[in-house]
Amino acid sequence: MDIQLRKGLLELCVLAVLRKEASYGYQIIKDISQYIDISESTLYPILRRLEAEYKVESYNTEYNNRIRKYYAITEIGRSTLDEFKEDKKQLLSVLDFISGGERYE
Amino acid sequence: MNKKVFLNKLSKGLKPIIPSEKKKYINDYEEIINDMVEGGLSEEEAVEKQGDISKIVENILKDTDKELLAKKDIFSTVVFIVAVNYSQVSGHNL
């Protein structure tokens, strides 16, 4: 898949995973991997960027005597997903158009 | 390679990033290696799963905003990436 397209999709995937519930790196990768390939070195810069954009916030918790960092979606993150939902219809038409769908003469 | 050596090499590779940002990444990788070990992998296996250190560094650096770079000099950043890669290939410790 084209790199730019992947990047955009991955950011939305991370938000979608976190909208269900707060999670941590290892678990986020597991959940997203069911749909699209993602590695740690891809995920963490994405999380940094989402944090910088205030779409995600992080907090530390103690787990088994070590620190685990949790990520949670913010209101801004939620609106980003809502905006995407609105765009979905148009996106599907565009994808259809690109792949030469029969709807377009 | 064990976790400590891996994190040290990663830390060296990420030198172009300001310390506070770099620390976040080192913690991220330590945490994920710990999680994998907890999931049943050995430390060596978990480290190996992270892949090539120079690739990790490259991915992180190219996605890091310029304001977060400690060194404004792109050339030395490239030298770092090459040096980390070389040390991995030749087995030398940086």
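## A friendly note on a two-chain model

1. Let's begin with one pair of residues: A:S23 has A:Y71 as its bridge partner, and A:Y71 sits in strand β3 of chain A. Keep in mind as you read that this is a predicted model. The bridge belongs to the pairing of strand β1 (residues 23–24) of chain A with β3(A), which is antiparallel and has two bridges.

2. Now look at the other pairing of β3(A). Strand β2 (residues 56–63) of chain A also runs antiparallel to β3(A), and eight bridges join them. To find a spot in this pairing on your screen, try A:N60, which stands opposite A:K69 in β3(A). As for the surroundings of β3(A) (residues 66–73), six of its eight residues are buried, so the strand is largely enclosed by the rest of the structure. A handy general point to remember while you look is that side chains in a regular strand alternate between the two faces of the sheet.

3. What lies between β2(A) and β3(A)? The two strands form a hairpin with two residues between them. In this loop between β2 and β3 of chain A you will find A:N64, and A:N65 is found there too. The backbone here deserves a second look: A:N64 has a positive phi of about 50 degrees although it is not a glycine. A:N65 is also a residue other than glycine with a positive phi, in this case near 65 degrees.

4. Are these two loop residues buried or exposed? A:N64 has a relative accessible area of 54%, so it counts as exposed, the cut-off being over 50%. A:N65, with a relative accessible area of 74%, is exposed as well.

5. It may help to step back to chain A as a whole. Chain A has four helices and three strands, and from the N terminus on its elements run α-β-α-α-β-β-α. Its C-alpha atoms fill a box of roughly 65 × 25 × 20 Å along the principal axes. Of its 105 residues, 38% count as buried. Among chain A contacts between residues at least 6 apart in sequence, 48% join residues at least 24 apart.

6. One residue of chain A makes a nice exercise: A:T80, in helix α4 of chain A. Is A:T80 buried or exposed? Its relative accessibility is 17%, and because the cut-off for buried is under 20%, A:T80 counts as buried. Setting aside neighbours within four places in sequence, A:T80 is in contact with A:L12, A:L15 and A:K55.

7. Chain B has another make-up. It contains five helices and zero strands, and its pattern along the sequence is α-α-α-α-α. Of the 94 residues of chain B, 43% count as buried. For contacts in chain B between residues at least 6 apart in sequence, 66% join residues at least 24 apart.

8. Which residues touch the most other members of the largest nonpolar core? They are B:F6, B:L10 and B:Y29, in a core of 43 residues. You can follow B:L10 outward from here: not counting residues up to four places away in sequence, B:L10 touches B:I26, B:Y29, B:I53, B:I56 and B:V57.

9. Next, the pockets. The largest pocket has a volume of about 500 Å³. It is lined by 20 residues, and A:L12, A:C13, A:A16, A:V17 and A:Y35 lie nearest its centre. Helices α1 (3–20), α2 (25–33) and α4 (75–98) of chain A each supply at least two lining residues, while the largest share, seven residues, comes from α1(A). By class, this lining has 12 nonpolar, three polar and five charged residues.

10. The second largest pocket holds about 250 Å³ of space. Which residues line the second largest pocket? From chain A come A:I3, A:R6, A:K7, A:L10, A:S41, A:T42 and A:I46, and from chain B come B:N59, B:K62 and B:D63. At least two lining residues each come from α1 and α3 (40–52) of chain A and from α4 (53–62) of chain B. Once again α1(A) gives the largest share of the lining, here four residues. The classes are three nonpolar, three polar and four charged residues.

Methods
Residues numbered from 1 in each chain as written. Chains lettered and ligands numbered in written order. Predicted model: local features only at pLDDT ≥ 70, side-chain atom pairs only at ≥ 80, totals over all residues. Heavy atoms only, no water. Core = buried A, V, L, I, M, F, W, Y, C linked by side-chain atoms within 4.5 Å. Buried < 20%, exposed > 50% of the residue type's maximum accessible area, 1.4 Å probe, protein only. Contact = heavy atoms within 4.5 Å. 1 Å grid on protein atoms, 1.4 Å probe; cavity = no way out; pocket = protein on both sides within 12 Å on 5 of 7 lines; lining within 4 Å. Points joined across faces, edges and corners; volume = space filled by probe spheres on them. Nonpolar A, V, L, I, M, F, W, Y, C, P; charged D, E, K, R; others polar. Pairing = 2+ DSSP bridges.
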